[in-house]
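Q: Please go through the descriptive terms that apply to this model, setting each value against its definition before drawing a conclusion.

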Amino acid sequence: MKHYSLKEVFTPGGLPSVTYVDREHLDLERKIKRAVTRGYAINVVTGPTKSGKSVLCHRVLGTVNLVAIEGGQIQSEDEFWQLVAHKMQVAASEKTSNTEGSKATVSGNVGWKLAALLTLGSSLEANDSKTSEKTLVKSLKIACIDSLINSKAVLLVDDFHYISQNVQKSIIQAVKGPVMSGLTVFLLAVPHRAFDPVTVENEVEGRFKHIEIPPWSIDDLLLIPHRGFPALNVNCPTSVQENICREAFGNPLLVQEACSELCLENDIEETQKTLKNIDGSRLEAAFSEIARSKGFPKFEKLKKGPQARKARQPRSLANGTEEDIYSTIMIAIAASGPKAKTSYDDIRASVKEVLADGAKMPQKNEITSALNHMSNIARKDIKGEPPLEWVRDDDDLIITDPFLLFYMKYAFKN
């Protein structure tokens, strides 16, 4: 039996190999390959947060000519092109030498062997000759685009929806022309932000290709523990594996996390020399660890709300406590499911349910104002992917973080 470490098998946050599930029946890998072959489009790949979009694209596109940028790192258009330049070792200046005489030799090493790159370690030999040098300066953006096209690279922007709309617009305006010249672009986003590229730049509508990654079924999620536990020479009861997948909100990363934590609870850190049985009763402890470490900090920040200039009005709840508007809303959201998408009407109905008899019901503008503040906190005060977003145009609350959903369902609600 091949020997693995735990992190080589269950890979929460990493790129799985042993437990990679291609969901072949959905033809997802083929859709990505066809998009590359077809070309001449801005491909927007959408799916729930941490549902495997990045894993799928990295696996299909490979790493040789893939230039992957994280949307969460981008605050401006300049920052975007600086990251692309760093990935490709591109510089905005290029030195050329012109020698008149009997002999001249120029040598050097360049990153992607393109004219747009800065020549590194160059040397010049000349006999009885005159040498002149000139420096060509172009914008870093143009240098990056030239390099992307000439090297047939694939530009992938993960979490594109996390970039502000004005920066999104600038990026799309910059790449829409190069796409018609052969540049391959993939933008990864959550479903409710699938049409951001068209929204911010109407002219790309005809060059827009949407590839939707469907939610995971329980049967597909079960392939992760089915493949992982045997690789560690571990016997895990089917009922425990099914429980892990049922509690995961259809999210493969959360399944990976739960399987990994369950192994640690059973002191399993690598492939066992002899078959070992998993103690399924330790799953509760594994769930608690995930809830505390991943969901609790975000929940507390959102429940606290923004800094208040004056004391907020307390409201009496049916459970005997008194809470402000932010805590009341978060309790109501948890009590209503929680769900990845909750309408204002459902939130309001749940608020009414959690309030004590006779307690004053908040007005719509109070609830929507609090939800908007929570959305701002999620975007500005919580590192990484914002865990939730209040979509004012649709009156919907979108919770994108499976760990927040898991905490609200498992730890807080219980």
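Q: What share of the contacts in the chain with a separation of 6 or more comes from residues 24 or more positions apart?
A: Residues 24 or more positions apart account for 73% of these contacts, where contact means heavy atoms within 4.5 Å. The model is a predicted one, in which local features need pLDDT of at least 70 and side-chain atom pairs count only at pLDDT 80 or more, while totals for chains, interfaces and linings use all residues. Residues are numbered from 1 along each chain as its sequence is written, and side-chain values use heavy atoms, with hydrogens and water left out.

Q: How many helices and strands are there in the chain, and what percentage of its residues is buried?
A: The chain has 15 helices and 16 strands, which are DSSP runs numbered from the N terminus (H or I over at least four residues for a helix, E over at least two for a strand). Of the 414 residues, 46% are buried, a term that stands for under 20% relative accessible area, against over 50% for exposed and the range in between for partly exposed (1.4 Å probe, protein chains only).

Q: Why are α11 and α12 called oblique to each other?
A: Helix α11 (residues 283-304) packs against helix α12 (residues 325-335) at an angle of about 135°, and their axes are 7 Å apart. The axes are lines fitted to C-alpha atoms, for helices over the stretch in contact, and the angles run from 0 to 180 degrees between N-to-C directions. Angles under 35 degrees count as roughly parallel, those over 145 as roughly antiparallel and those from 65 to 115 as roughly perpendicular, with the rest being oblique; the two helices therefore fall in the oblique class.

Q: Which residues of α11 and α12 meet, and how many of them are nonpolar, polar and charged?
A: From α11 come F299, L302 and K303, and from α12 come Y326, S327 and M330. The contact has 4 nonpolar, 1 polar and 1 charged residues, given that Ala, Val, Leu, Ile, Met, Phe, Trp, Tyr, Cys and Pro count as nonpolar, Asp, Glu, Lys and Arg as charged, and the others, Gly among them, as polar.

Q: What makes F80 and W81 an edge-to-face pair?
A: Among the 7 aromatic pairs of the structure, F80 and W81 have 4.9 Å from centre to centre and 80° between their planes. Rings of Phe, Tyr and Trp (its six-membered ring) pair if their centres lie within 6.5 Å, and planes under 30 degrees apart count as stacked, over 60 as edge-to-face and the rest as tilted. Both partners are buried, with a relative accessibility of 0% for F80 and 2% for W81.

Q: Why is the pair of F287 and Y410 edge-to-face, and which parts of the chain does this pair tie together?
A: The ring centres of F287 and Y410 are 5.2 Å apart and the planes stand at 75°, so the pair is edge-to-face. Because F287 lies in helix α11 and Y410 in helix α15 (residues 402-412), the pair ties together parts that are 123 residues apart in sequence. F287 and Y410 are both buried, and ring pairs link them with F406 into a cluster.

Q: What makes β14 and β15 the edge strands of their sheet?
A: The open sheet of 3 strands runs in the order β14-β16-β15 with antiparallel pairing, and β14 (341-343) and β15 each pair on one side only. Two strands pair if DSSP finds at least two bridges between them, whereas β15 and strand β16 (residues 396-399) have 4 bridges in the antiparallel sense. One of the partnerships here joins V391 to D396 in β16.

Q: In which sense do β2 and β7 pair, and how do you know that β2 is mostly covered?
A: Strand β2 pairs with strand β7 (residues 154-158) in the parallel sense over 5 bridges, and E70 stands opposite D158 in β7. In β2 (residues 66-70), 4 of the 5 residues are buried, and the strand is thus described as mostly covered.

Q: Are R23 and K152 buried or exposed?
A: R23, in the loop between α1 (6-9) and α2 (28-38), counts as buried at 3% relative accessibility, whereas K152, in the loop between α5 (140-150) and β7, is exposed at 68%. Each has a positive phi although it is not a glycine, of about 50° in R23 and about 55° in K152.
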